[in-house]
Amino acid sequence: MPLSTYIVEIDWIGDGAFTGTSDDVTANVNGAEWRRGRDYASQLIGRSRSGKSVINLMDVDGTYMSFNTDSPITGKIVPSREVRIQMDGTVVWHGYLQTIKPAPKVKGVNAVRVDAQG
């Protein structure tokens, strides 16, 4: 399915509502991958594992750079923030932020890699 049919959100405030400033990061998503918990679909032989996601964000104005004091989410870019990916109102992946790796560019658009587990 094309990524454009998904909604990607990060709860920067930590209130569980996903309604805060910059919580909906969908417009900035440049790519995303995720996998869910079991290594096999079978409940008999499949082992439960933590799901993982990697979300690549374009960061034109430095919103997701923790060192940017002009960002509307300054001080809120910390691990353990809730991350969810939805499609048609159904949550298809849910987890918690582990790391945000900024990749400032000399030329072109800044990028940020968001790693989450859940």
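1. Start with a definition: two strands pair if DSSP finds at least two bridges between them. Strands here are DSSP runs (E, at least two residues), and helices are DSSP runs too (H or I, at least four residues), both numbered from the N terminus. With that in hand, look at Ala 103, which stands opposite Ala 111 in S6. S5 and S6 pair in the antiparallel sense over seven bridges.

2. A word on what you're looking at: this is a predicted model, where local features need pLDDT of at least 70 and side-chain atom pairs count only at pLDDT 80 or more, while totals for chains, interfaces and linings use all residues. Residues are numbered from 1 along each chain as its sequence is written, and side-chain values use heavy atoms, with hydrogens and water left out.

3. Now the overall plan. The protein has zero helices and six strands, so don't go hunting for a helix, given that a helix would need a DSSP run (H or I) of at least four residues. Read from the N terminus on, the elements go β-β-β-β-β-β.

4. How are the strands ordered in the sheet? The six strands make an open sheet in the order S1-S4-S5-S6-S3-S2, with antiparallel pairing. Strand S1 (6-10) and strand S2 (29-35) are the edge strands, each pairing on one side only. From one strand to the next, the twist averages 25° (axes are lines fitted to C-alpha atoms, for helices over the stretch in contact, and angles run from 0 to 180 degrees between N-to-C directions). As background, strands of a sheet pair through backbone hydrogen bonds, either parallel or antiparallel.

5. Let's walk through more of the pairings. S2 and S3 are antiparallel and share six bridges, and Glu 33 has Val 54 in S3 as its bridge partner. On to S3 and S6: they pair in the antiparallel sense over seven bridges, with Ala 116 in S6 as the bridge partner of Ser 53. S4 and S5 also run antiparallel, joined by six bridges, and there Gln 86 stands opposite Val 91 in S5. The hairpin of S4 and S5 has two residues between the strands, and Asp 88 takes a positive phi near 55° in this hairpin.

6. S3 is a nice strand to colour by side chain. Ser 53, Ile 55 and Leu 57 point to one face and are buried, whereas Lys 52, Val 54, Asn 56 and Met 58 point to the other and are not. Buried means under 20% relative accessible area, exposed means over 50%, and partly exposed is in between (1.4 Å probe, protein chains only). In a regular strand the side chains alternate between the two faces of the sheet.

7. What about the inside? Buried residues make up 36% of the 118 residues in the protein. The largest nonpolar core (a set of buried Ala, Val, Leu, Ile, Met, Phe, Trp, Tyr and Cys residues joined through side-chain atoms within 4.5 Å) has 21 residues, and those with the most contacts inside it are Trp 12, Val 25, Leu 57 and Val 114. Two or more residues come from each of S1, S3, S4, strand S5 (90-103) and strand S6 (111-117). S5 gives the most to this core, with four residues.

8. Next, the charges. The structure holds three salt bridges, each being a side-chain nitrogen of Lys or Arg within 4 Å of a carboxyl oxygen of Asp or Glu. Glu 9 forms one with Arg 84, their closest N and O atoms being 2.6 Å apart. Because Glu 9 lies in strand S1 and Arg 84 in strand S4, the pair ties together parts that are 75 residues apart in sequence. Glu 9 counts as buried because its relative accessibility is 8%.

9. Which residues share partners in one network of salt bridges? Asp 115 pairs with Lys 101 at 3.3 Å between the closest N and O atoms, and this links Asp 115 in strand S6 with Lys 101 in strand S5, 14 residues apart. Asp 115 also meets Arg 113 in a salt bridge (2.9 Å, N to O). Arg 113 is partly exposed, with a relative accessible area of 35%. Shared partners thus join Lys 101, Arg 113 and Asp 115 into one network. Asp 115 is buried, at 8% relative accessible area, while Lys 101 is partly exposed at 42%.

10. Last, check the surface. Met 58, Val 60 and Val 109 form a nonpolar patch there, with about 260 Å² of accessible area together. Patches are made of residues with over 30% relative accessible area and no salt bridge, like charges being joined within 9 Å and nonpolar side chains (Val, Leu, Ile, Met, Phe, Trp, Tyr) within 5 Å. Accessible areas come from the Shrake-Rupley method with a 1.4 Å probe, and for residues only the protein chains shown count as cover. Val 60 is found in the loop between strand S3 (52-58) and strand S4 (82-87), and Val 60 counts as exposed because its relative accessibility is 68%.
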